Amino acid sequence: MHKVKVGVIGCGKISSIYMENCHKFEVLELIACADLDQERAKEQAARYDIPRVYTTDELLADPDVELVINLTIPAVHADISLRALEAGKHVYVEKPLVISREDGRRVLETAAAKGLLVGCAPETFMGAGIQTALKLLEDGVIGKPVAATAFMMSGGHESWHPDPEFYYAAGGGPMFDMGPYYLTALVQLLGPIRKISGMTGRAWDERTITSEKKYGQKIRVDIPTHVAGLLEFEEGAIGTLITSFDISGGSTLPRMEIYGTEGTMLVPDPNTFGGPVTFRRKGDQDWTEQPLLPGYDQNTRGIGPADMAYAINSGRPHRASGELAYHVLEAMWAFHDSAEQGSFYEMQSTCTRPSALPQGLAPYTLDH
């Protein structure tokens, strides 16, 4: 089996879990990292035994690097991904794929023209929690899905994140930050989206940072911080989704529920890999907790690039694909466009629902 050689661009907070797990998957070999802050890159390289520390230009020029994991901030996702593709490298990018639909199309078109693959987080839908929920749906345990609800209710990131400013700038907000987890999980479970309606709001025009690093500093809020709407899926189910940074007092709403003709299923937090998954069928008095399928129930970020590496080797489709990520990106913009225009947004893109992970695999392998 060919080990795909990986370079990571962006050595911030999220990079640690990727670097740790890259060393675990049999199909990946992490050989390089780069960051605007060279000291930070050197620290991560020392911590995770990465032999080459580069500038971004140097990493992209290294002919040994086959797959770039792009962990930069959303505002430069498009630039770094396009540069990597132009350099002849496959790209896996943190969510969202890019900020604008136009840039998203450019990334996918460039990859197609060069015969390269693009993948994108979140890959949490490949965790044991969502995969177990998918198996219950495929087995017809709750009948035909007819509706779903999903709620991401938060007070915002300024209370804990060391650098929360970008969450309130263009490309930020609760939909672009957390919406990818919820929308990707919904597409995995219910298929692609046909139509969306949305409404948006903003509780405060300015927020105060209370995390330690920048305590007391003010943030201007340039984007909606409460986004709510309805989704019609191509297979007929109707979904309700709320993402918010305006919920100061907390919430008791479930993360996600799927309603079928024969019962209801509670789906775990799509920002995690585990469970629990519970269901109650029509006529049942109690909820049943479904044992999780064997698989990845801990933080396994890096499974998306690993799945891509198998696709690079074999030519099979990869699950956390650019096609899926673009469909989710368009859906996120659809909520905002619908709210501004006061009308339904008809989706222009579609995607293939990712296949379920095979069972009976050895740890940190994804193909038999």
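Two strands are taken to pair if DSSP finds at least two bridges between them. On this basis the predicted model contains an open sheet of nine strands, ordered S16-S15-S14-S13-S7-S12-S11-S8-S17, in which the pairing is mixed. The edges are occupied by S16 and strand S17 (345-346); each has a single partner strand, so one side of each is left without a neighbour in the sheet. Within the sheet, S13 and S14 pair in the antiparallel sense over five bridges. In this part of the sheet, glutamate 257 stands opposite leucine 266 in S14.

Two domain annotations are recorded for the chain. An unreviewed UniProt entry places the feature "domain: Gfo/Idh/MocA-like oxidoreductase N-terminal" at residues 4-118. Over residues 4-118 the model is 42% helix and 22% strand, with the end C-alpha atoms 14 Å apart. The annotation "domain: GFO/IDH/MocA-like oxidoreductase", likewise from UniProt (unreviewed entry), covers residues 130-265. For residues 130-265 the corresponding values are 20% helix and 35% strand, and the end C-alpha atoms are 11 Å apart.

Helix H6 (residues 128-138) is mostly covered, with nine of its 11 residues buried. The buried residues of H6 are Ala128, Gly129, Ile130, Gln131, Thr132, Ala133, Leu134, Leu136 and Leu137. Their cover includes H7 together with strand S7 (145-153), strand S13 (256-260), strand S14 (263-267), strand S15 (277-281) and S16. Several of the strands of the nine-stranded sheet, among them S7, S13, S14, S15 and S16, thus recur in the surroundings of this helix. Just after H6, glycine 140 adopts a positive phi of about 75°.

Aromatic contacts were examined next. The count comes to six aromatic pairs. One of these is formed by phenylalanine 25 and tyrosine 296, whose rings are tilted, with 6.0 Å centre to centre and 45° between the planes. This pair links distant parts of the chain: phenylalanine 25 is in the loop between helix H1 (15-22) and strand S2 (28-34), whereas tyrosine 296 is in the loop between strand S16 (288-290) and helix H8 (303-314), 271 residues apart. Both phenylalanine 25 and tyrosine 296 are buried. A further pair, phenylalanine 176 with tryptophan 333, is edge-to-face, at 5.0 Å centre to centre and 65° between the planes. Phenylalanine 176 lies in helix H7 (residues 173-190) and tryptophan 333 in helix H9 (residues 322-341), so the pair ties together parts that are 157 residues apart in sequence. Phenylalanine 176 is buried, its relative accessible area being 4%, whereas tryptophan 333 is partly exposed, at 23%. Ring pairs also join Phe25, Tyr296 and Tyr364 into a cluster. In addition, the charged end of lysine 195 sits over the ring of phenylalanine 344, at 5.1 Å from the ring centre.

Two of the aromatic cluster members, Phe25 and Tyr364, reappear among the contacts of threonine 300. Threonine 300 is located in the loop between S16 and H8 and is buried, with a relative accessible area of 3%. Not counting residues up to four places away in sequence, threonine 300 touches Asn21, Phe25, Phe273 and Tyr364. Threonine 300 and lysine 135 are separated by 165 residues in sequence and by 20 Å in space, C-alpha to C-alpha.

Arginine 101 lies in helix H5 (residues 101-114). Its relative accessible area of 16% places arginine 101 in the buried class, because buried means under 20%. Leaving aside neighbours within four places in sequence, arginine 101 is in contact with Tyr326, Leu329, Glu330, Trp333, Asp337 and Tyr345. Trp333 is also the partner of phenylalanine 176 in the edge-to-face pair.

With respect to cysteines, the count comes to zero disulfides. Cysteine 11 is in no disulfide, and its nearest cysteine sulfur, that of cysteine 33, is 4.1 Å away. A disulfide requires sulfur atoms within 2.5 Å, a limit that the 4.1 Å separation of cysteine 11 and cysteine 33 does not meet. Cysteine 11 is buried, with a relative accessible area of 2%. Cysteine 22 is likewise in no disulfide; the nearest cysteine sulfur, again that of cysteine 33, is 11 Å away. Cysteine 22 is buried, with a relative accessible area of 0%.

Terms used:
Residues are numbered from 1 along each chain as its sequence is written. This is a predicted model: local features need pLDDT of at least 70, side-chain atom pairs count only at pLDDT 80 or more; totals for chains, interfaces and linings use all residues. Side-chain values use heavy atoms; hydrogens and water are left out. UniProt positions are given in the numbering used here, feature names are shortened, and annotations may be inferred rather than shown by experiment. Helices (H or I, at least four residues) and strands (E, at least two) are DSSP runs, numbered from the N terminus. Rings of Phe, Tyr and Trp (its six-membered ring) pair if their centres lie within 6.5 Å; planes under 30 degrees apart count as stacked, over 60 as edge-to-face and the rest as tilted. Buried means under 20% relative accessible area, exposed over 50%, partly exposed in between (1.4 Å probe, protein chains only). A charge sits over a ring if NZ of Lys or CZ of Arg is within 6 Å of the ring centre and within 35 degrees of the ring normal. Contact means heavy atoms within 4.5 Å.
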